[in-house]
Amino acid sequence: MAAQVQQETALDPVVDSVRDREIGVEQEHLDRVYQRLEEKIHEAEFLMNDAAQRGQVGTPGALAERDAQVFRAGIHLNRLNNEFEDFLFGRIDLLLGKDGKKGPDGAYTAVEPAEGAVRPDNTAEIAETLHIGRIGVLDAEYAPLVIDWRAPAAAPFYRSTPVDPGRVVRRRVIRSKGRRVLGVEDDLMRPELKATLAGGELPVIGDGALMAALGQARSHTMRDIVASIQAEQDMVIRAPAASVTYVEGGPGTGKTAVALHRAAYLLYQDRRRYAGGILIVSPTPLLVAYTEGVLPSLGEEGQVAIRAVGSLVDGAEATLYDAPAVARAKGSYRMLKVLRKAARGALEAPAAATGRAAGVGSGQLAFGEENADGADGAEGAENGGDGAAGARQHRATPSRLRVVAFGRRLELEARELDRVRDTALAGTAPVNLLRPRGRKLLLDALWAQSGAGTRHTDPELAAELRSSFDEDVSTEDSFIEFFDSWWPELTPRAVVEAMSDERRLGRWARRILNPGEVRRVARSLKRDGLSVHDVAMLDELQAILGTPARPRRKREYDPLDQLTGLEELMPGREETQRERAERLAQERTEYAHVIVDEAQDLTPMQWRMIGRRGRHATWTVVGDPAQSSWSDPDEAAEARDEALGSRPRRRFTLTVNYRNPAEIAELAAKVLALAMPGSESPSAVRSTGVRPRFVTTRRAQGGGARDALARTVREEAARLLDQVDGTVGVVVAMNRRAEAARWLAGLGDRVVALGSLEAKGLEYDATVVVSPAEIADESPAGLRVLYVALTRATQQLTVVSADRDEPDADGVPDLLRD
Ligand SMILES: Nc1ncnc2c1ncn2[C@@H]1O[C@H](COP(=O)(O)OP(=O)(O)OP(=O)(O)O)[C@@H](O)[C@H]1O
């Protein structure tokens, strides 16, 4: 053990003074950084003022160089103005490297120490000190004051371990707020070494930053983890993006955090390549809201779109939940076949060609509450009223075409019309793109009936006659009207609306869906509003129907486009920038890189939808099969492989659970053993000594089971609110969501009620899981959903049992007993 290691202990004045001195050292460095940044700001301001004259001076090369300079200075200015709490967060002290080569950031590139860097008596001199921060800053001599966390030189900060330390002797995490350094935490990578820095001892402060980060109270938004990324996570974040990076790991292993940091890393590493945008697909709007602050805190916005899977289609927003049986039918490959038939069949009796109005607003999923009475929920959320559904009108398809051409009355009857349409629709081409063919075949049939084709033997005259016939007929009002209602340009919504007619859906889904499924799906499509599964169906239909070419929308002229990065410099333009990013994101239908979070939950239809957005992209796919709420993982895996194509895969597994204390992880492992026998739980990195609490409902005299449950859950939530500083999540079966929110009324905004499927990806300081049996019985994937529910807490977990849970004398429900 190094003689100079001074471990921090409470109330030790010597240690305190060493710590104060070290904080002072880092404060000095941070002051230098800010001073340098201020110089850069002045430079940037000067360049901005000078911008007006820029068009007239210099060669194109000089202009580009100056724009780049403005861009860099602008980024610094922007970030500085944002006052990151921990702009500077790390430091590594390194041994001399194998060679003396420096990288573009001014740091030495060697990973391994030079021979002789460690002397035979186990002493060594620190040869290089690097500070790590959210952006890189060079001093006036181009020496690195701060290395960007994504730069290669910063990798040892994350990768170095005592087993494989490379050149790193000491790794320090610096905690600061605004311009003030508040604390430092050190880890020694070579504890056996007596290292000196500028002739003095190398002090070591604290017990490491990771534990400090994990112990912090949670809020309703996720924090970035730049200061404490672990080696196995860093491997994923920095993995080359040439193909598909596939990451698996149990709950709490940092998959979401890693996915977000990877997006920032990829942009840093090759901004030009990812100008095509990075799409992050998240399972729920709640998880989007929870995570969307992370990228701005890493300095990345604009080029990354985080979208819930129900918000991927322009103009559609999922606000409803489908009952499991309906979801199973809508999400599976079987639905693809039904949609193909429906898209063609809808022409037989088209609904109003424009379809019905867009789904209800934005915001969070409003799950069907009609099931709150505990029914099996097979029908899902239905709009029982006849309001909008009743108001919908189906336009009848005309069954006869009458025109007058060349002075003759021509007429096509229903049977002939059907034949013409069937011929036109033969094959698999997009239905809307076949309209011109349908029109042409109609004219052919009328021409044949007119007998005019036999009048001329001269081909040129015959052709002329035919073209004037076509002209005559197709400009006739009766023909135009007929054609528009006989073969309207279909919208996805019009087809979905046609599918809400059980009889017609039954025809299109014959031998694909069973009659019960047909009835439920048709009824679910009558609702006002969309589910995540409906959104994937709309997207599929868009592809099946095709979009006829239209005149292109003219893109508005934006003078800022001329000046790379100048918008970053413009004070007060933040809003406009975001709007612009939003607009560009909306116009974008394909991305350069697609990151899928919670990939295990995607249905085959959703994989197809996401696949269309990344046909030429590289991918990062992050998930945990043990948490899948989709009933047929094999079918989903097939769809995933189809979306990812033949691109080579690189697989990573994350093995450490940073969220749950061991006491909670141990309990969750029991459900994992039932849900996926044989799979391994990630190992929890810490333990709190607080075991999960088991409570059974107590019926008051005269009160029913429901009141008892409400009272017990409320009491437990209030108890946990007292015990933790941050948030409390109450997880219930989906059909109890609305009543659970009522149980918690008045307890404040630190506590929230969640349906089991909504809990996906989220975390709370403490959770109350209500009736494991109800959650497990909800769907065929219920045990996996329960596993998700049990793994949301960072500190404390209470399990409340109802009668159905068959709790033992200690209140432990049947499902959670050994
Ligand atoms: N290296 C780290 N340093 C600090 N905190 C970390 C680190 N890695 C993960 N965490 C924290 O652990 C928690 C779990 O991370 P995250 O939500 O990314 O896990 P996950 O694998 O996506 O979990 P789940 O599968 O349950 O959704 C988060 O609070 C995250 O900030």
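# Close-up views of a predicted model

**Figure 1. Val594 meets Trp619 in a six-stranded sheet.** Valine 594 stands opposite tryptophan 619 in strand S18. This is a predicted model, so keep that in mind for every view here. The strands behind this pair are S17 and S18 (residues 618-623), which run parallel and are joined by four bridges. Zoom out a little and you get an open sheet of six strands with parallel pairing, in the order S12-S11-S17-S18-S10-S19. Strand S12 (304-308) and strand S19 (649-654) are the edge strands, and each of them pairs on one side only. On average, neighbouring strands of this sheet are turned by 15° against each other, direction ignored. Helix H6 lies across S10 (244-249), S11 (278-282), S12, S17, S18 and S19, and runs at about 170° to S11.

**Figure 2. The shell around the ligand.** Which residues come closest to the ligand? Of the 24 residues that surround the ligand, the closest are Ser228, Pro251, Gly254, Lys255 and Thr256. Two elements give two or more residues each to this shell: helix H4 (209-215) and helix H6 (255-269). By type, the shell breaks down into eleven polar, eight nonpolar and five charged residues. H6 also turns up in the first view, where it lies across the strands of the six-stranded sheet.

**Figure 3. A second open sheet, this time with five strands.** The strand order here is S22-S26-S25-S23-S24, again with parallel pairing. Strand S22 (693-696) and strand S24 (751-755) have a single partner strand each, so one side of each is left without a neighbour in the sheet. From one strand to the next, the twist averages 20°. Look at S25 (residues 764-770) and S26 (residues 793-801) for a parallel pair held over six bridges. Valine 770 has valine 800 of S26 standing opposite.

**Figure 4. Helices H16 and H19 packed together.** How do you describe a pair like this? Packed helices are described by the angle between their axes and the distance between the axes. For H16 (residues 492-499) and H19 (residues 532-545), the angle is about 115° and the axes are 8 Å apart. The crossing of H16 past H19 is right-handed. On the H16 side, the contact is made by Pro492, Arg493, Val495 and Val496. H19 brings in Asp534, Met537, Leu538, Leu541, Gln542 and Leu545. Sort the residues of this contact by type and you get seven nonpolar, two charged and one polar.

**Figure 5. Strand S8 with a partner in each sense.** Strand S2 (residues 123-125) and strand S8 (residues 194-197) pair in the parallel sense over three bridges. Within that pair, glutamate 125 has threonine 196 of S8 as its bridge partner. S8 also runs antiparallel to strand S9 (residues 200-201), joined by two bridges. Here leucine 197 is partnered by glycine 200 in S9. S8 and S9 make a hairpin with two residues between them, and alanine 198 in the turn has a positive phi of about 50°.

**Figure 6. Positive phi at Phe406 and Glu598.** Phenylalanine 406 is not a glycine, yet its phi is positive, at about 50°. You'll find Phe406 in the loop between strand S14 (401-405) and strand S15 (408-412). Is Glu598 buried or exposed? Glutamate 598 has 24 other C-beta atoms within 10 Å, so it is buried. Phe406 counts as partly exposed, with 14 C-beta neighbours inside 10 Å. Phi of Glu598 is near 50°, which is a positive value in a residue other than glycine. Glu598 sits in the loop between strand S17 (593-596) and helix H21 (604-612).

**Figure 7. Glu638 on helix H22, and the whole protein.** Glutamate 638 belongs to helix H22 (residues 633-644). With 14 other C-beta atoms within 10 Å, Glu638 is partly exposed. Glu638 and Glu806 are 168 residues apart in sequence, and their C-alpha atoms are 38 Å apart in space. Stepping back, the protein has 27 helices and 26 strands. Buried residues make up 46% of its 818 residues. Among contacts in the protein with a separation of 6 or more, 76% come from residues 24 or more positions apart.

Terms used
Residues are numbered from 1 along each chain as its sequence is written. This is a predicted model: local features need pLDDT of at least 70, side-chain atom pairs count only at pLDDT 80 or more; totals for chains, interfaces and linings use all residues. A residue is near a molecule or strand if its C-beta atom, placed from the backbone, lies within 6 Å of it. Ala, Val, Leu, Ile, Met, Phe, Trp, Tyr, Cys and Pro count as nonpolar, Asp, Glu, Lys and Arg as charged, and the others, Gly among them, as polar. Two strands pair if DSSP finds at least two bridges between them. Axes are lines fitted to C-alpha atoms, for helices over the stretch in contact, and angles run from 0 to 180 degrees between N-to-C directions. A crossing is left-handed if the near helix is turned anticlockwise from the far one by less than a right angle, and right-handed if clockwise. Two residues are in contact if their C-beta atoms, placed from the backbone, lie within 7 Å. A residue is buried if 20 or more other C-beta atoms lie within 10 Å of its own, exposed if 12 or fewer, and partly exposed in between; C-beta atoms are placed from the backbone.
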